[in-house]
Amino acid sequence: MAFGRNVPADRRESAVAGVFTRVAGGYDRLNRILSLGLDVAWRRSALSRLERACGGGPGGILDLATGTADFAIEAARRFHAASVTGIDLTPAMLDIGRRKVADAGLSGRISLQEGSATALPFGERSFDAVLCAFGFRNFPDIPASLAEAARILRDGGRLVVLEFFRPRSALLGAFTAGWLRCLSALFAPRVADDYAYLRSSIANTCSAEEFVAMAREIGLAAERKEIFLPACSCLILRKCGKM
Ligand SMILES: C[S@@+](CC[C@H](N)C(=O)[O-])C[C@H]1O[C@@H](n2cnc3c(N)ncnc32)[C@H](O)[C@@H]1O
C-alpha cells in the first residue's frame, strides 16, 4: 500500500494527492453530508476559540492543507484585518478553493499556493496563527509537519487543529468507520476506494493525546483541548518562547 508508514514520504504524498485529486469535485458536498453540516460549525467554533486565546484577531494566518479553502475563507471573514495564505499539496483542491475565494470577493486577502506541509516555503516566525483542519492525519511525518508549523509561527503564536484522531473507544471507531462507509457508498460510489483511504487514515493515525505529546516535544503547548461532538478534536496550541 502506497499509504503505509514504511513507504517513503514522497511516495505517500503523491498517493494522498491522487486521492484528493479524484475526490476534489465532490469534496465539499460529501463533507457536508458526512458531517451533517457540522464541519462548518466546527471551523467557526475553532476560530472563536483562537480569537479568545489571542485576545483579538491574528494578522497573518496560514491555513495548512487548505484544500478547497473553507477554513481560509471563514478566517478572512472573521478577522477583517488579517491576510490569509492557504497551502495544499493537491492542485485540483486549490482550483476549487480559488474559485470560492473569488466568489466570496476575498481574492485580495487570501492567496492559495501549492506546497507540502513537510517543507513549508516560508521564513521563520512569519505567521501569527496556523490553522489546519483535517490535514495532519494525511501527512507522511506528523512530527516533521509540527516542527514546520512551529518554525513559521512567531513566539506566542497559535496552531489551531481540527482533526479526527484515532478514537480511544473501539465502539466509536467502529461507528465512525461504518458511518463513513455507508454514506460514501451511497453518495460517492465512484470514489469508494478513495473514501476507504480516508476512513483508514482515521484508524491509522495517532490519538489526540499522542499528538499533544509530539507537539509538546517541539515547543507547542496545548492551551485548549476539546471534542466537538460527536468525534472531532479541536486543539489550540501555543508556541512557547524562543526555539
Ligand atoms: C481532508 S482535506 C481537508 C481540507 C480542508 N482543510 C478542509 O477543512 O476541508 C485534506 C487536505 O490535505 C491536503 N494534504 C494532504 N497531504 C498534504 C501534505 N503533505 N501537505 C499539504 N497538504 C496536504 C490534501 O490535498 C487535502 O486537500
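Mentor: A residue counts as near a molecule if its C-beta atom, placed from the backbone, lies within 6 Å of that molecule. Residues are numbered from 1 along each chain as its sequence is written. This is a predicted model, in which local features need pLDDT of at least 70 and side-chain atom pairs count only at pLDDT 80 or more, while totals for chains, interfaces and linings use all residues.

Trainee: Which residues surround the ligand most closely, and how many surround it in total?

Mentor: The ligand is surrounded by 21 residues, and the closest are Ala65, Gly67, Thr90, Ala117 and Ala133.

Trainee: What makes Gly count as polar, and how does the shell around the ligand divide by class?

Mentor: By the definition, Ala, Val, Leu, Ile, Met, Phe, Trp, Tyr, Cys and Pro are nonpolar, Asp, Glu, Lys and Arg are charged, and the others, Gly among them, are polar. On that count the shell holds eleven nonpolar, seven polar and three charged residues.

Trainee: Which helix gives the most to that shell?

Mentor: Helices are DSSP runs of H or I with at least four residues, strands are runs of E with at least two, and both are numbered from the N terminus. Helix α1 (9-34) and helix α3 (70-78) each supply at least two shell residues, and α1 gives the most, with four. The protein chain has eight helices and seven strands.

Trainee: Why are α2 and α3 called oblique to each other?

Mentor: Axes are lines fitted to C-alpha atoms, for helices over the stretch in contact, and angles run from 0 to 180 degrees between N-to-C directions. Angles under 35 degrees count as roughly parallel, over 145 as roughly antiparallel, 65 to 115 as roughly perpendicular, and the rest as oblique. The axes of α2 (residues 38-54) and α3 come within 10 Å and cross at roughly 45 degrees, and α2 and α3 are therefore oblique.

Trainee: Which residues of α2 and α3 meet?

Mentor: With contact meaning C-beta atoms, placed from the backbone, within 7 Å, Arg43, Arg44 and Leu47 in α2 meet Asp70, Phe71, Glu74, Ala75 and Arg78 in α3. By class, this contact has three nonpolar, no polar and five charged residues.

Trainee: What makes α1 and α6 oblique?

Mentor: Helices α1 and α6 (residues 170-187) pack at about 140 degrees, with axes 10 Å apart, and that angle makes α1 oblique to α6. Leu30, Ile33 and Leu34 of α1 make the contact with Leu180, Leu183, Ser184 and Phe187 of α6. That contact divides into six nonpolar, one polar and no charged residues.

Key: Contact = placed C-beta atoms within 7 Å.
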